[in-house]
Amino acid sequence: MKNLYLALVEALSNLGIFAYVDFNYGQLKETEPSIAYPAALIKINIPSVVEHQKSFIEESANFEILIVSKQIGDTNNLTTEEIRANSLAYLDSVEAVRNVLQGTHFADSSSISYKGATEQDLRKGLKTIALRFEVSYVVQIASS
């Protein structure tokens with residue numbers, strides 16, 4: 001899990017669009033979240049593991065990248081095109097994350113597979129979109 005997290009932090013940081021990248025541990029639930037915007041918050045789950053010859057395991061992970069941006073302005077049909085384009089700019093970061101992770105590998109992993117996205121209303125004044133991915137990778141088991 002650690003190697004996956006570090007690979008994700010590196011890939012997201014290299015995009016140059018996020019001021020803050022970290023695990024998602026509920027920062028947005030704080031009264032005043034101590035993060036910088038735009039942010040990418042990572043949540044990793046490992047729902048299945050397969051053991052191979054007691055020397056290594058294959059972990060199947062699904063992970064979520066929560067993209068968090070401050071809401072800049074209106075996006076409705078009455079808004080000028082210029083303001084709407086600026087307000088929708090956060091969607092460019094969604095596409096950038098999807099494009100940089102889809103099909104990539106890290107260490108002993110399969111290719112990362114994009115599984116979808118969900119817009120979430122977590123906090124007034126913020127735009128949040130959760131992108132879901134899956135990957136599997138091999139972990140050597142330390143011999144005792």
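**The S4–S5 hairpin, helix H1 and the nonpolar cores**

In this predicted model, strands S4 and S5 form a hairpin in which five residues lie between the two strands, and Gly-125, placed in the turn, has a positive phi of about 90°. The two strands run antiparallel and are joined by seven bridges. Within this pairing, Ala-117 stands opposite Leu-131 of S5.

The hairpin also carries salt bridges, for which the count comes to two. One of them is formed by Glu-134 and Lys-115, whose closest N and O atoms are 4.0 Å apart. Because Glu-134 belongs to strand S5 and Lys-115 to strand S4, this pair ties together parts that are 19 residues apart in sequence. Both partners are partly exposed, Glu-134 with a relative accessible area of 39% and Lys-115 with one of 43%. A salt bridge also links the side chains of Lys-127 and Glu-119, with an N to O distance of 2.6 Å. Here the partners fall into separate classes of accessibility: Lys-127 is buried, since its relative accessible area is 18% and the cut-off for burial is under 20%, whereas Glu-119, at 44% relative accessibility, counts as partly exposed.

Strand S5 is also met from the loop between H3 and strand S4 (113-120), where Ser-109 has its place. Ser-109 is buried, with a relative accessible area of 12%, and, when neighbours within four places in sequence are left aside, Ser-109 is in contact with Val-135, Ser-136 and Tyr-137.

Helix H1, which comprises the 13 residues 2-14, reaches 18 Å from its first C-alpha to its last, a span close to the 18 Å expected at 1.5 Å a residue. Its residues Leu-4, Tyr-5, Leu-8, Val-9 and Leu-12 are buried. Seen down the helix axis, the buried residues of H1 fall within an arc of 135°, and they therefore line one face of the helix. This arrangement may be set beside the general geometry of an α-helix, which has 3.6 residues a turn, so that residues three or four places apart point the same way. On the face of H1 turned away from the buried side are found the exposed residues Lys-2, Asn-3, Glu-10 and Asn-14. Just after the helix, Gly-16 takes a positive phi of about 75°.

The packing partners of the buried residues of H1 are strand S1 (20-23), strand S2 (39-52), strand S3 (56-70), helix H3 (90-101) and strand S5 (126-140). For Leu-4 in particular, the contacts beyond its neighbours within four places in sequence are with Ile-44, Ala-61, Phe-63, Phe-106, Val-135 and Tyr-137. Two of these residues, Val-135 and Tyr-137, are also in contact with Ser-109.

In soluble globular proteins, nonpolar side chains tend to be buried together. In the present model the largest nonpolar core has 24 residues, and the residues with the most contacts inside this core are Leu-4, Phe-63, Ile-65 and Val-97. Two or more residues are given to this core by each of the elements H1, S2, S3, H3 and S5. Apart from this core lies another, of nine residues, among them Leu-41, Val-68, Leu-126 and Ala-130.

Technical notes: Residues numbered from 1 in each chain as written. Predicted model: local features only at pLDDT ≥ 70, side-chain atom pairs only at ≥ 80, totals over all residues. Heavy atoms only, no water. Helix = DSSP H or I, 4+ residues; strand = E, 2+ residues; numbered from the N terminus. Expected span 1.5 Å × (residues − 1). Buried < 20%, exposed > 50% of the residue type's maximum accessible area, 1.4 Å probe, protein only. Arc of directions from axis to C-beta. Contact = heavy atoms within 4.5 Å. Pairing = 2+ DSSP bridges. Core = buried A, V, L, I, M, F, W, Y, C linked by side-chain atoms within 4.5 Å.
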